[in-house]
Each structure stands twice: as structure tokens, then as C-alpha cells.
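Reader: I have a protein structure open and I am not sure how to read it. Can we go through the core and the charged pairs together?

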Amino acid sequence: MLYYRILPDGKSLRVTHPEAEWPYYTGNKPVGVVTVPGVVRWKGQVYEVTEIGEYAFYGCDSLTEVYPGFVRSIGTQAFCGCKSLTVIELNETVRSIGEGAFAYCEWIGRLVLPDEMEWIGISAFSMCRGLQMVKMSQQAEDVCDLTTFYGCPLMKDPKNRKKEDSGYIFWS
């Protein structure tokens, strides 16, 4: 089950954490595969899902795959500590990824960052030790900092880097 908040524009939604004041789930954590829909119908109105909010899936350690639909932003620590997460399919619509958004997602194997990234928060993918391949455009690389992939063995060795027409690929 996903939880939403209507954004101030009155037309779009943010996927949110069910506990407004606390980032830990006290009950039914999402498990397995989570697919964020592009639109949600509620009380006769159609809303576009444009964001995954802060701490939305924080500590959901049995979450295995995430398909975030057509969101534009992923909030701070949205998936932090999702230890079983192996697949994250970022759509080209994603423009910003918050601080620590995927930190400690140890089993993500490959990552393709959207070409038009505008902002990636500090430590967004830190401690993702299982990363085997990261593909990113020059624009995406420009918004990364030294902590983006902190603790990811793949990203430490410059000889793992290969320049391609579409940007860079890192592999193990």
C-alpha cells in the first residue's frame, strides 16, 4: 500500500511515509516489488504522482524492486536502508535525488542515472556495495560530488571508468 499527500498545486501527489513525524514504520512495511503509478484517481479527481517524499520507504528492508513511475524527484533518505533492494529503474523524468536517498541499499547491482539530472544530494548512493555498473551522462556526473558513491568499491578505481558517446559507464 502506498500513501500520498496532495501537493500545493492541487493537481499532483507525493508518495509519503504513513507516519508524518517519524521515519520508521511501526507496522506494515512495504515488501517485495513497489510500482509507483503515474496517476492516481481519488474522489473523482485524477492526480499525477510527481514525487517520492522524504523517508517514504526508509528502512523497508524487505523491499526488493522499485519502479518509481514518472516521478520528478526522490526525497532525502527515501529508500535509505532498504537492504534487500536489488532493482531500481529510474525513469528519464527524474531530475533530483535527495541526500542519502539510496544509502545502504547494499544489493543494487546496476544503476542508470537519467541524462538530465539537475541535482543529486550528498551520499545519495553511499554504501551501495553491490553496484556492478553505473551509467550516467556528463550532466549527471557534473551534479555528483565526492560523497555520492561513498563506500561503493566500484567507484573507487578510475580504471573502471569508460567514456562513451552517451556519457560514462563504470563497471567492475
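Author: We will take the nonpolar core, then the salt bridges. Keep in mind that this is a predicted model.

Reader: What is the general idea behind a core?

Author: In soluble globular proteins, nonpolar side chains tend to be buried together.

Reader: Which residues touch the most other members of the largest nonpolar core here?

Author: Phe57, Phe79 and Phe102 do, in a core of 43 residues.

Reader: Which elements give two or more residues to this core?

Author: They are β2 (12–16), β5 (45–52), β6 (63–67) and β12 (133–136). The largest share comes from β5, with three residues.

Reader: Let me pick Phe79. Which residues is Phe79 in contact with, leaving aside its neighbours within four places in sequence?

Author: Find Ile52, Phe57, Leu63, Val66 and Ile74, which are among them. Then add Ala101, Phe102, Ala103 and Cys105 to complete the set for Phe79. Phe57 and Phe102 appear in that set, and both were named with Phe79 for touching the most other core members.

Reader: Now the charges. What is the general idea there?

Author: Side chains of opposite charge can pair when their charged atoms come close.

Reader: How many salt bridges does the structure hold?

Author: Four. Let us look at some of them. Start with Arg14 and Glu51, whose side chains meet at 2.7 Å, N to O. Arg14 sits in strand β2 and Glu51 in strand β5, so this salt bridge links distant parts of the chain, 37 residues apart.

Reader: Is Arg14 buried, exposed or partly exposed, and why?

Author: Buried means under 20% relative accessible area, and exposed means over 50%. Arg14 is at 28%, so Arg14 counts as partly exposed.

Reader: What does Lys29 form a salt bridge with?

Author: With Asp61; the closest N and O atoms are 3.6 Å apart. Lys29 lies in the loop between β2 and β3 (32–35), and Asp61 in the loop between β5 and β6, so the pair ties together parts 32 residues apart in sequence. Lys29 has a relative accessible area of 35%, so Lys29 is partly exposed. Asp61 is partly exposed too, at 32%.

Reader: Where do Arg72 and Glu48 lie?

Author: Arg72 is in the loop between β6 and β7 (73–74), and Glu48 is in strand β5. They are 24 residues apart. Their closest N and O atoms are 3.1 Å apart, in a salt bridge. Arg72 is partly exposed because its relative accessibility is 40%. Glu48, at 34%, also counts as partly exposed.

How values were computed. Residues are numbered from 1 along each chain as its sequence is written. This is a predicted model: local features need pLDDT of at least 70, side-chain atom pairs count only at pLDDT 80 or more; totals for chains, interfaces and linings use all residues. Side-chain values use heavy atoms; hydrogens and water are left out. A nonpolar core is a set of buried Ala, Val, Leu, Ile, Met, Phe, Trp, Tyr and Cys residues joined through side-chain atoms within 4.5 Å. Buried means under 20% relative accessible area, exposed over 50%, partly exposed in between (1.4 Å probe, protein chains only). Helices (H or I, at least four residues) and strands (E, at least two) are DSSP runs, numbered from the N terminus. Contact means heavy atoms within 4.5 Å.
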